[in-house]
Amino acid sequence: MDKKEFSKKFFWGASTASHQVEGGTVNQWSVWELANAKELAKTAEERLGELPTWDEIKSQAEDPKNYVSGEGVDHYKRYKEDFDIAKKLNLNAMRFGVEWSRLEPEEGKWDDGAEEHYRNYIAELRKRGIEPFMNIWHWTVPTWFDEKGGFSHKANLKYFYNFVQKLADAYGKELNYTITLNEPNVYATFGYITREWPPQEHSYLKAGLVYWNLIKAHKKSYKILKSANPSMQIGVAAQLANIQAKRPHNFIDQSVTKVMRYLWNWWFLHRIRKQQDFIGFNYYFTDYYKYFHRDNPHVPLSDLGWYMEPEGLYPLLLRAWAHYQKPIFVTENGLADMHDQYRQWWLEESIVAMERAISEGVDVQGYFHWSLLDNFEWKYGWWPKFGLVEVDREHGMKRTIRPSAQWYADKIKKIS
Ligand code: BGC
């Protein structure tokens with residue numbers, strides 16, 4: 001690289017989510033895990049048997065324990081050790097989640113210990129020169145909120161606002177960056193249409209209501225947070241896919257691509273465009289549409305069987321910039337790769353993609369790899385390995401830096 005595209009202020013980070021790493025979380029998702037673990041184990045081969053990694057993951061995927069978040073990777077207790085590792089990796093930013101069910105385990109009853117925990121958590125990041133990016137909602141909610149119907153009822157939003165107000169009062173002054181919501185489109189689709197996730201309903205109406213209410217939730221949260229700290233920069237972590245026409249000159253492929261881009265990528269972001277200081281998005285997927293279906297190349301695939309095209313980040317950055325002209329953060333980006341055979345390549349392509357976009361005037365200000373640690377991958381459980389840092393849950397939760405992470409650390413040093 002001849003010319004330096006990344007400024008000194010660029011945020012090189014990694015991302016986590018409370019439920020996926022903390023351990024000991026009790027929320028609607030942990031309840032669902034316990035109720036569904038056996039069934040998920042029993043049906044594993046049906047769902048996953050086609051994966052190239054099936055032979056290697058079979059014993060884990062057929063074990064009900066795999067589907068229970070349980071002790072997580074004990075990040076709730078080991079966060080300082082994990083921040084030391086992040087520091088060692090030359091990271092200067094970290095996206096983390098706060099767990100609503102810890103802070104308000106019962107309606108209206110706040111847990112001072114949990115509040116103190118996240119205060120220390122933020123302070124420990126700062127102490128190491130790591131900028132905290134707090135994420136408020138990453139799909140999990142307290143069971144009492146879920147029992148009231150969660151985000152499908154507009155009347156329930158007041159509970160979410162109380163939670164956001166609590167965060168604003170407690171940490172508002174400590175934070176320069178906050179992300180309100182993670183991937184509302186994925187949550188509404190998987191929870192209320194495809195029935196893959198709790199609450200496993202199939203209702204387009206409900207999916208629409210949830211999606212709509214999450215727009216409201218973001219807008220009001222934006223106001224609450226801004227009044228606590230007017231200089232705080234606020235956005236969401238949207239799930240954007242690099243959607244392309246399989247046959248570039250085919251009218252149907254082109255039209256479907258346009259519609260899908262609008263519905264999946266931009267619809268939500270357009271509605272909150274005035275209440276965003278930055279555009280945050282998670283990038284995992286490039287999807288080619290042939291007629292009305294995805295038709296992706298068959299290689300290279302991640303351990304989850306997802307087609308990998310890391311360079312697809314570049315066109316997405318350009319399009320996000322063209323739409324909004326606001327600073328951009330890649331709030332998540334990564335792959336399931338237990339043998340660490342693709343991660344370095346993925347990182348390198350992602351860095352080049354950002355560099356290209358910056359060279360064309362796109363204001364990319366930070367990159368958060370998913371994830372800092374191996375973690376609980378929702379309905380798949382523990383076998384997918386997304387961590388820069390491997391965690392051995394069988395042997396005292398031992399942390400080991402993967403070779404690709406070391407490469408990332410060296411690269412950050414060189415280019416920043
Ligand atoms: C989610 C993460 C998840 C990752 C990999 C993202 O959509 O925000 O929680 O672990 O994808 O599937």
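Let me begin at the ligand, where a polar side-chain atom of E183 lies 2.6 Å from one of the ligand's oxygen atoms. I should say at once that what we are looking at is a predicted model, and that the distances I quote are computed from its atoms.

Two further side chains make contacts of this kind: an N or O atom in the side chain of H138 is 2.9 Å from an oxygen atom of the ligand, and for W378 the distance between a side-chain N or O atom and a ligand oxygen is 2.9 Å. On its own the ligand has 310 Å² of accessible area, and the protein covers 95% of that.

Which residues are closest to the ligand? There are 13 residues around it, and the closest are Q20, E183, E332, E377 and W378, so that E183 and W378, which I have just mentioned for their polar contacts, appear in that group again, under the 4 Å cut-off that decides which residues count as being near a molecule. In terms of chemical character, the shell divides into 6 nonpolar, 4 polar and 3 charged residues. As for where all this takes place, the ligand sits in the largest pocket.

Let me turn now to the aromatic rings, for which the count comes to 56 pairs. A pair of this sort is described by the distance between the ring centres together with the angle between the planes. As one example, take F11 and F133, whose ring centres are 5.3 Å apart and whose planes stand at 80°, an angle over 60°, so the pair is classed as edge-to-face. This pair also links distant parts of the chain, since F11 belongs to strand β1, residues 11–15, and F133 to strand β3, residues 131–137, with the two positions 122 residues apart.

Finally, some points on the backbone, against the background that most peptide bonds are trans and that most residues other than glycine have a negative phi. The bond joining V299 and P300 is cis, with omega about -10°, and P300 lies in the loop between β7 (293–294) and α13 (313–324). A cis peptide bond also runs from W370 to S371, where omega is near 10°; S371 is in the loop that connects β9 (364–370) and β10 (389–392).

And where does D74 fall? It is in the loop between α4 (54–61) and α5 (75–88), and D74, although not a glycine, has a positive phi of about 60°.

Key. Residues numbered from 1 in each chain as written. Predicted model: local features only at pLDDT ≥ 70, side-chain atom pairs only at ≥ 80, totals over all residues. Heavy atoms only, no water. Polar contact = N/O pair within 3.5 Å; in protein donor to acceptor, adjacent residues only side chain to side chain. Areas by Shrake-Rupley, 256 points an atom, 1.4 Å probe, with all protein chains shown as cover. 1 Å grid on protein atoms, 1.4 Å probe; cavity = no way out; pocket = protein on both sides within 12 Å on 5 of 7 lines; lining within 4 Å. Sits in = over half its atoms within 2 Å of the grid points. Nonpolar A, V, L, I, M, F, W, Y, C, P; charged D, E, K, R; others polar. Phe/Tyr/Trp six-rings, centres within 6.5 Å; stacked < 30°, edge-to-face > 60°. Helix = DSSP H or I, 4+ residues; strand = E, 2+ residues; numbered from the N terminus.
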